[in-house]
Amino acid sequence: MKQGLVVPGRRRHLATLFAAGLALAAGRADAQPYPAKPIKLIVPYAPGGVTDVSARLVAQKLGELLGQTVYVENKGGGGTRIGASEAARAAPDGYTLLYANSITHGTLPATAVSLPFDPVKDFTPIAKLFWYASTIVCHPSVPANTVAELVAYAKGHPGKLSYASAGPGTGNHFSSELFNVMAGVKIVHVPYRGSGPALQDVIAGQVSCTHDGAAKPYVDAGKVKAIATTGIARDLRLPGVPTVDEAGLKGYDMTWWQGLMAPAGTPPAVVERLARATQALARDEAFRAKAYDIGLNVQYEPADVLARQVVQDIAKFRRIAAEANIVLD
């Protein structure tokens with residue numbers, strides 16, 4: 001046999017060995033423990049708002065616990081529709097997660113005429129992590145310092161006041177419209193692509209007011225003034241600021257949650273690994289303190305509890321949307 005010449009039988013033998021080697025390499029790759037590469041955390045908002053800030057806090061600590069990089073990718077727009085849709089379509093391998101909240105899995109499904117994802121069928125819950133209330137803040141030029149004064153001014157000057165939201169169907173859109181309904185006023189809606197840009201335009205005086213969960217530093221600096229908080233109990237960070245309920249609009253209560261979800265079909269072992277890491281994160285005292293500083297209360301809840309909350313929230317927000325005539329196209 002001449003050197004370099006491969007006879008047919010040997011060619012088949014070499015091909016078999018090569019295929020076996022590829023299969024072995026693939027098997028070893030599949031056997032690598034999760035996570036074996038960086039994890040993308042989709043945040044369905046523009047950078048700068050409370051959701052973006054908290055997601056980055058979660059990503060950093062979660063990465064430490066998992067021993068792998070977790071990075072944030074902002075996909076704002078469509079009232080969280082764009083980011084949530086991308087997460088729903090991602091490969092169910094644990095390397096793309098959604099930083100879900102009461103909007104992606106509550107207000108948006110409750111109001112959208114058509115939605116490119118199913119909030120229940122297209123996602124696998126991992127865990128709920130936070131709950132929080134918002135603060136109604138206004139530019140210092142607004143001639144009102146209390147709920148009663150804000151309502152009186154809005155009634156006396158129709159169309160004069162405006163409120164910024166993170167987008168149609170988002171939390172501050174819902175909480176502001178519920179305020180309008182219960183107070184019998186019409187404060188004009190100005191939608192943005194995230195709560196960060198919305199708050200910045202209130203600070204700049206381009207819009208009168210907004211509802212925001214991360215406004216305390218700006219309240220402390222005198223850049224905006226706090227009118228009331230939206231939960232049923234006072235915010236411990238702003239003890240001198242009354243709730244909307246105690247300020248006169250009895251029964252007003254709007255609080256929100258944030259948590260992690262994966263695309264439907266993600267392997268149970270991967271979901272369990274992420275859930276364990278999230279639970280450990282929630283127990284970390286330094287993490288809890290940092291979360292509290294930005295207005296979030298840590299409240300770990302397992303996947304089954306989060307799944308039930310999604311169903312309950314959609315029903316709740318459908319009732320509010322009907323009352324406030326909130327319809328998204």
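**Exercise 1.** Which helix supplies the largest share of the lining of the second largest pocket?

*Solution.* The model is a predicted one.
Step 1. Start with the space itself: the second largest pocket holds about 160 Å³.
Step 2. Find the lining. It consists of 14 residues, and the closest to the pocket centre are Gly 48, Val 53, Leu 199, Ala 214 and Tyr 218.
Step 3. List the helices that supply at least two lining residues each: α2, α7 (195–203) and α8 (216–220).
Step 4. Pick the largest share: α7 gives four residues.
Step 5. Sort the lining by class. Seven of its residues are nonpolar, five are polar and two are charged.

**Exercise 2.** Describe the largest pocket by its volume, its lining and the classes of its residues.

*Solution.* Step 1. The volume of the largest pocket is about 220 Å³.
Step 2. Its lining is made of 16 residues, and those nearest the centre are Trp 131, Arg 234, Asp 235, Leu 236 and Asn 297.
Step 3. The lining contains seven nonpolar, five polar and four charged residues.

**Exercise 3.** Work out the strand order of the open sheet, name its edge strands, and place two helices on it.

*Solution.* Step 1. The sheet has six strands in the order β2-β1-β3-β10-β4-β11, and the pairing is mixed.
Step 2. The two ends of that order are the edge strands, β2 (70–74) and β11 (297–302), each of which pairs on one side only.
Step 3. On average, neighbouring strands of the sheet are turned by 25° against each other, direction ignored.
Step 4. Look at one pair in detail. Strands β1 (residues 39–43) and β3 (residues 96–101) run parallel and are joined by three bridges. Here Lys 40 stands opposite Thr 96 of β3.
Step 5. Add helix α2 (residues 50–66), which packs on the sheet and touches β1, β2, β3, β4 (123–133) and β10 (255–263). The direction of α2 makes about 160° with that of β2.
Step 6. Add helix α4 (residues 103–111), which also packs on the sheet, touching β3, β4 and β10. Its direction makes about 65° with that of β3.

**Exercise 4.** Is Ser 175 buried or exposed?

*Solution.* Step 1. Locate the residue: Ser 175 belongs to helix α6 (residues 171–183).
Step 2. Apply the cut-off: a residue is buried when its relative accessible area is under 20%.
Step 3. The relative accessibility of Ser 175 is 1%, so Ser 175 counts as buried.
Step 4. List its contacts, leaving aside neighbours within four places in sequence: His 211, Tyr 252, Met 254 and Trp 256.

Technical notes
Residues are numbered from 1 along each chain as its sequence is written. This is a predicted model: local features need pLDDT of at least 70, side-chain atom pairs count only at pLDDT 80 or more; totals for chains, interfaces and linings use all residues. Side-chain values use heavy atoms; hydrogens and water are left out. Two strands pair if DSSP finds at least two bridges between them. Axes are lines fitted to C-alpha atoms, for helices over the stretch in contact, and angles run from 0 to 180 degrees between N-to-C directions. Contact means heavy atoms within 4.5 Å. Buried means under 20% relative accessible area, exposed over 50%, partly exposed in between (1.4 Å probe, protein chains only). On a 1 Å grid over the protein atoms alone, a cavity is a set of points where a 1.4 Å probe fits but cannot get out, and a pocket is an open set with protein on both sides within 12 Å along at least five of seven lines; lining residues have an atom within 4 Å of a point. Grid points are joined across faces, edges and corners, and a volume is the space filled by probe spheres set on the points. Ala, Val, Leu, Ile, Met, Phe, Trp, Tyr, Cys and Pro count as nonpolar, Asp, Glu, Lys and Arg as charged, and the others, Gly among them, as polar.
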